[in-house]
Amino acid sequence: MTLSVGDAAQVGTLVHGDFDTVLFTYSLSVIADWRAAWQQAWALVRPGGRVAVADTSLPIGPWSLLSPLARLALLSGGVDASRQVWQQVLTDTEHTTHRVMTGGHVHVAAGTKPSTTARVAR
Ligand SMILES: C[S@@+](CC[C@H](N)C(=O)[O-])C[C@H]1O[C@@H](n2cnc3c(N)ncnc32)[C@H](O)[C@@H]1O
């Protein structure tokens, strides 16, 4: 196993090859250029590979009573809760799952990168 350290928005310059899986945990909502990080990681995943994102947003419904606390925690951690980064998984993958926990505070989305043929057909 190889560990590479660097800017996720430049990951395409750090590592090469077809990866089976990419996992972002509580990071896309923090990374300044998160769209570049997503696009570059996406390009590194082989067709049929899996992509997963766990990230956070402000709670909704009855849990929104905790929004001020959540807002403070997210702000202090440099999190942009408005991005809803898991939506990228819902948009780009197939065989997609999306779990919402803690009143919308935690989202976990996972899916498969379509093959080129399947992607054209969508
Ligand atoms: C909230 S922490 C999550 C850490 C870990 N993924 C986890 O789930 O426990 C956000 C992480 O994103 C990293 N980060 C922020 N901007 C980054 C970037 N441009 N490239 C790579 N990592 C970055 C921070 O260093 C920090 O470790």
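A polar contact here is a pair of N or O atoms within 3.5 Å. With that in mind, the ligand is a good place to start in this predicted model. On the Thr 25 side, an N or O atom of the side chain sits 2.6 Å from an oxygen atom of the ligand, which means the pair falls inside the cut-off of 3.5 Å. Taken by itself, the ligand would expose 590 Å², and the protein buries 44% of that.

Nitrogen atoms of the ligand have partners too. The side chain of Asp 7 places an N or O atom 2.8 Å from a ligand nitrogen. At Ala 8 it is the backbone that takes part, with an N or O atom 2.8 Å from a nitrogen atom of the ligand. Who else is around? The full set of residues around the ligand is Gly 6, Asp 7, Ala 8, Thr 25, Tyr 26, Val 30 and Ile 31. Sorted by class, that shell comes to four nonpolar residues, two polar ones and one charged one.

Moving on to the chain as a whole, the secondary structure adds up to five helices and four strands. Going along the sequence, these elements come in the order α-β-α-β-α-α-β-β-α. The C-alpha trace spans about 45 × 35 × 25 Å along its principal axes. Of the 122 residues in the chain, 39% are buried. The chain exposes about 7,300 Å², and 60% of that comes from carbon and sulfur atoms. As for contacts with a separation of 6 or more, 65% of them link residues that are 24 or more positions apart.

The aromatic side chains come next. The structure holds two aromatic pairs. One of them joins Trp 38 and Trp 42: the ring centres are 5.7 Å apart and the planes meet at 20°, so this pair counts as stacked. The two tryptophans are four residues apart in helix α2 (residues 34-44), so about one helical turn separates them. Both Trp 38 and Trp 42 are buried. Phe 24 joins these two tryptophans in one aromatic cluster.

Val 51 ties in with that cluster. This valine belongs to strand β2, which covers residues 45-56. Its relative accessibility is 3%, so Val 51 counts as buried. With neighbours within four places in sequence set aside, Val 51 is in contact with both Trp 38 and Trp 42, and also with Val 22, Val 45, Val 89, Ala 109, Ala 110 and Gly 111. Asp 20 is another residue to look at from here: Val 51 and Asp 20 lie 31 residues apart in sequence, while their C-alpha atoms are 8.5 Å apart in space.

Helix α2 also comes up in the contacts of Gln 88. This glutamine sits in helix α4 (residues 87-92). The relative accessible area of Gln 88 is 18%, so this residue is buried, given that the label requires a value under 20%. Not counting residues up to four places away in sequence, Gln 88 touches Trp 34, Arg 35 and Trp 38. Trp 38 therefore turns up in several places: in the stacked pair with Trp 42, among the contacts of Val 51 and among those of Gln 88.

Conventions
Residues numbered from 1 in each chain as written. Predicted model: local features only at pLDDT ≥ 70, side-chain atom pairs only at ≥ 80, totals over all residues. Heavy atoms only, no water. Near = heavy atom within 4 Å. Polar contact = N/O pair within 3.5 Å; in protein donor to acceptor, adjacent residues only side chain to side chain. Areas by Shrake-Rupley, 256 points an atom, 1.4 Å probe, with all protein chains shown as cover. Nonpolar A, V, L, I, M, F, W, Y, C, P; charged D, E, K, R; others polar. Phe/Tyr/Trp six-rings, centres within 6.5 Å; stacked < 30°, edge-to-face > 60°. Buried < 20%, exposed > 50% of the residue type's maximum accessible area, 1.4 Å probe, protein only. Contact = heavy atoms within 4.5 Å.
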